[in-house]
Amino acid sequence: MKLGWIAVVIALGLAAAFVPASGSPTAGEAPGLESPPVAVCPLIEVGDRSTRVHVVSLVEGDGRMIAFSAGSILGESEFSIATDGSASVAARDSGAIASSGGLLEFPDVSSAAAVRVEGETSRAAESCVGAPTERALLGGGATSDVSGFEVLLVNPYSAEAVADLTVVSESGLESDSRFEGIIVPPSSTRTIDMGVIVPGRDQLSVTVETRRGALIGYGLIRSEGQQALWRAVAPAQDWWLPVPAGEGSKLITISSSLAADLEYQVDVYGPEGFQEGFATGILAPRGQFQLDLGELSGEAMAVRVSASAPVVTTLFTRSNGGYGVTPGSPVDALTWLLPAAGATAGGAGQLVLLNSGVDAVDVEVRALSQGASAETLQLEAEQVAVLPMAEVTGYRVDASGPLVALWFDEVPGDSALAIGTPLDDG
Amino acid sequence: MVEGADIEAALAVVARQVYEPAPEVAVVGEVEDWQGNAELLASLEEAIAETSSDVEYLWLLHADARPRPDALAALVAETERNEAALAGSKLLRAGTQDELESVGGATDVFGEPYSGLDEGEIDLQQYDVVREVAFVGSASMLVRRDLAQGLGGLDPLLPPVAAGLDFSQRARLAGGRVITVPSSEVYHQGRCGERGTGWREQAGRLRAMLIAYRPLTLLWVVPYDLLVSLLDSVLSLLMLRWKPLVRHTYSWLWNLIHLPSTLRQRMKLSKVRSEGDEELFRFHARGSLRLRSIGEELSGRFLGLFDEDQALSRESRRIWRAPGIWGALAAIAVVGFGLRSVFFSGMPSSGFNFPWEPPGIALSRWLGGWNDTGLGSSAPVHPSVGLLGLLSAVWLAAEGAARVVATFGIGILGIIGMGRLGGRLGLHGPGRYLAGLVLIGGPGTALLAGRGSWLSLAAAAAIPWLARSAFAQMDSGPRRWWAIGSTLFLAVIVGSLSPLLVLVPAILWIVGWVTGSRRGDWRLALISILGGVTAAAFLAADPGWLVDEARRLGLDIHFAWPVIVLVACAPLLLGEGARRDAALVGGVLSLGALVASRPGWLGPGAEEALLVSASLGAALVVSAALEPATKRLVDLAALAAGTAAVLLSIVSITNGSLGLPGGDLNEELAFAETLAEEGGPGRILIASTDPSLLPGEPSSGPGFFFRLIDGSGMTADEIWLPPDRSGDNSLMSALTDIATGMELRPGAVLADYSVEWVVLAGEPFRLDQVLAAQLDLEPVPLASGARVFQNSQAAPLATAPSEVWAREGTGFTGEPTEERVRLAIAFDSSWSPDSQMIDWATTVDGRSGSAEYVPGGPGQLVAIGTLVLFGLGLAAMVIGRSRS
């Protein structure tokens, strides 16, 4: 009996030591992150330049735009998405002054906005950003032959944001204390003039890393009545980028914010068909690679960039029509919204569509204006198509297969260029 | 030879011995111009070595000793009759009226001599029995010649008492019996200084110990002796005596210097050794005689202030001789040290340990009032709320002081309770009190305390008192009422602190019955279950507290604990008696509770009870393991494991707040009250991925844990969450929306719940991410280590379109208004006047200027029932006590 109880105690002891412990209870499952139906835009009201915000949406409804600057709400404008699916708001109607920011609240997540900054001769356009990312990269910058390259840090939120900039030029990693710990107060926009800090650089990539809070970065270059505006985007391994037809330089820049070598491959969708591995190589840590497609052809083309680690791909166009910069798209999609897309009176606007898939797709292109009819076409696999744009303020493109869409508007003296906003992954 | 002694006179008294044949006499030592007939030898070693083999006994006699004529004959006769190897005479102080100096004696384990004689005690033949003793004085000892030659005589480096002790020990280890022969009377002049004081004697005792004990014994005796030396030095310094410190220092240094010679002596002894250390332990007094003497003196001095006739002092001396007293004092000292931060800075407020509400409010909540936890509920509060309210009331609502005193009281009650429980099981040593440290800092309680569960500590302190009922007999007569009353009284207290623990006496009784161990009257064990009545309403309203595994604390006991308990317990099961019973019952309880707690299939209430039970069981095992016993290897293994358990527990509870986590969350969040506007502070939503960073029971949220607490500070009644109601579900839904990042204005969403502050603690998580990109929660740098957001849109807790009301007790008051007043609390129809539901919240008619919750329901009935039980228990105790 004595031994029996010893055995019981030993068994209990071993069980107490070796029965797996349940561990701490876990919290409920975190829901997936979703982007709120908002977008953040830079609003520029400087000199003769003025900003107009264009909204397109798949649903009708009301929205509003809040303009803010230096910690204050400058004003608020309401807008309604009409039956044609578009609306526009002038920044000055919301009280925007100088370089300020605008926060747009949409009636639904299936909406997108873009700004057109227009001066007497200058044109710039870019899509507004829905959700901030902790790390975003602005490729394609330069301070050598433009009169100004500014990085705009826009913080529409209630919390102060602190960011570090990692600036890389052809000379290497730029070092300046002004790139560290940049504070952007709530409801404020901060402008960093790169031309002052790192003048004379031909290639500049700027990584915006948000240490605290959240903000959205934009790049703005200006030169003698010409301007270009583009947004910082999160690095990704795959990029698609349609390239408009026309003469001049069409510089594709692949920028890395990674402190390590990485491999890249550029495939070209050109007039001669799909050229896989058109350019391959190894990108040095925080390095850049540039490829001028303008030297290949004046026709519309597209590129697909694949890398072994996240990079950012940017298109920089330069012609007699001025500058245009836009990042590529890391996804292809069945539906694209192209707010602000449209030809300017006296200009030439083109919609560039890439069928990124391996099958032909049916495409429906709809100009968002009252009475405009939809245009349908079929795109062969890996085909790039160019459509002329009407004088409207937005387009919607639906396809039966994966597609990438970009718009380009050129007037004498300047041009505007922006990639569309995908709504559904292809 | 003894310096200054008259050798001629000494030889003369030896010559007068009536023993036949006349002894051969030799003088050992240095004598100038020796003219006597006796042979003069340089050393005792030489004398022993030169003794011829036809000599049977050697009589070692100091030159300052004057034996009666029959002293030698008595020694020889009794030595032969008792088959002893070493015999000592009764020593009387020369020049006195038969004042006793030594009749042999005991020692403690450190060799500290204990004669048992009072100062100046006269010889009235009261000790005139031949008996075995630990040692005899070296002034007059008879030793078998062969043994003396085998042992090499007295150690020449040792002073007289230590030499006698050393020689006696070696003689015993060589298989000889050591006896005292009172019929052999020797007057001792004491010129040799045989009083056992002075650093040389102390050093000698240490050397005797180092020579005699086996390595395994030395492994614990030496550190223990060092500790006792330190305590003796410090306590003596407190009494303005510096000599003990010097003596101890010299003693240890001397032994360090003479270590090589000590090792040689050990080698010499090992050749003749035939007995183990347990042969020595048979004659040892328990504990430390030195510390006992200091304790007597300290209490004597203190009691002497009020005790002119010394009656109390005499009683205190008796107490100090009680075997457990030093264990209890040491354990209480550890608890006192473990609470040092609390004494200086007050009680921490974190985890599950928060201030008590004012007595009136606490008692009103307990009596079926509104449960203010989270968004509020009509579910009964934890049964401890009433007890804490009562404690606070007793302390005149000085809540801070009451908590400090109660926490120290927990420590003392736990230790004494464990000692009393051990005593009821038949254990006597100091270990049963030291086991109280395992009860408080043992496997389960240390974990619970680490999470801040003050109530668990309190329950642990109370449970041994209740558990005694499992081993108590229900006598007939008036004492029966005392047993019933005290069981009921304790059961209500334990049931209030940790309801399931009322089952412990019944479980112990069943374990005792199954294992055939000691057990008491089953009816008392059943009566203890009645204590569960106090928690009946609480458990009925929220059974998930016991069975919902998703709410478990998830505390993982360290692998070492079951192993230690097993190693301490298993060897004792080979034995018999009280130690075996305590070890078996404790082992089964502790290990069984540990096994049951590991899979995590129960709620926090059951988990808490299991973990406290695990500590109680472990403490029982340790009580048994530390009980003085034979020093067989199995006992030593149990002793070592028991000691390890005590040490581990000490480590757990000496963080300054008895193992409770430090910090004051209410102080950290005091900004809510400081910055409060009309209507008082709103609520604070505190969230983290680490539930241990949140106050009280955490709610499981979408990817994180959270708690909604009162902006005026968390209180003990808010620790446990009531069952979810519609408001909680609505809040959860709102938080899920916010966690997706879809909500651009989370402040507006949280405003309805009166969430004025959002605090994110610990590592950054999803809410940090989404709150970085929103518009209406303003980050404010008000707390270190946490991210704080202010919600300026938060609705006051009680508001009408044109009026804001403020909290008043458990209700709200304000200017009377024709409008309805919205209370941001979960709807309950017992709110008055005219409560109506809007969404999940409550609105009341504002014309009366106040909103009150009308208590009632099962909570109130149970509270009254508890009071009745408590009163019955008290009454039965009074009856039992007065009639007996």
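The following exchange goes through parts of a predicted model and the definitions behind the words used for it.

Author: This is a predicted model in which local features need pLDDT of at least 70 and side-chain atom pairs count only at pLDDT 80 or more, while totals for chains, interfaces and linings use all residues. Residues are numbered from 1 along each chain as its sequence is written, chains are lettered from A and ligands numbered from 1 in the order in which they are written, and side-chain values use heavy atoms, with hydrogens and water left out.

Reader: Why is chain A called as compact as a globular protein of its length?

Author: Chain A has two helices and 32 strands (DSSP runs, H or I of at least four residues for helices and E of at least two for strands, numbered from the N terminus). Its radius of gyration, taken over C-alpha atoms, is 24 Å, and the globule rule (2.2 Å times the number of residues to the power 0.38) gives 22 Å for 426 residues; the two values are close, so chain A is as compact as a globular protein of that length.

Reader: Why is B:Ser623 called buried?

Author: Buried means under 20% relative accessible area, exposed over 50%, and partly exposed in between, with a 1.4 Å probe and protein chains only. B:Ser623, which sits in helix α28 (residues 604-625) of chain B, has 0% relative accessibility and therefore counts as buried. Apart from neighbours within four places in sequence, B:Ser623 is in contact (heavy atoms within 4.5 Å) with B:Met418, B:Leu427, B:Gly431, B:Arg432 and B:Ala435.

Reader: What makes A:Ala131 partly exposed?

Author: A:Ala131 lies in the loop between β8 (123-127) and β9 (135-141) of chain A, and its relative accessibility is 34%, so A:Ala131 counts as partly exposed. A:Ala39 is 92 residues away from A:Ala131 in sequence, yet their C-alpha atoms are 7.2 Å apart in space.

Reader: Which classes of residue make up the lining of the largest cavity?

Author: A cavity is a set of points, on a 1 Å grid over the protein atoms alone, where a 1.4 Å probe fits but cannot get out, and lining residues have an atom within 4 Å of a point. The lining of the largest cavity has nine nonpolar, two polar and no charged residues, where Ala, Val, Leu, Ile, Met, Phe, Trp, Tyr, Cys and Pro count as nonpolar, Asp, Glu, Lys and Arg as charged, and the others, Gly among them, as polar. Among the lining residues are B:Trp366, B:Thr534 and B:Gly859, and the largest share, three residues, comes from α35(B).

Terms used:
On a 1 Å grid over the protein atoms alone, a cavity is a set of points where a 1.4 Å probe fits but cannot get out, and a pocket is an open set with protein on both sides within 12 Å along at least five of seven lines; lining residues have an atom within 4 Å of a point.
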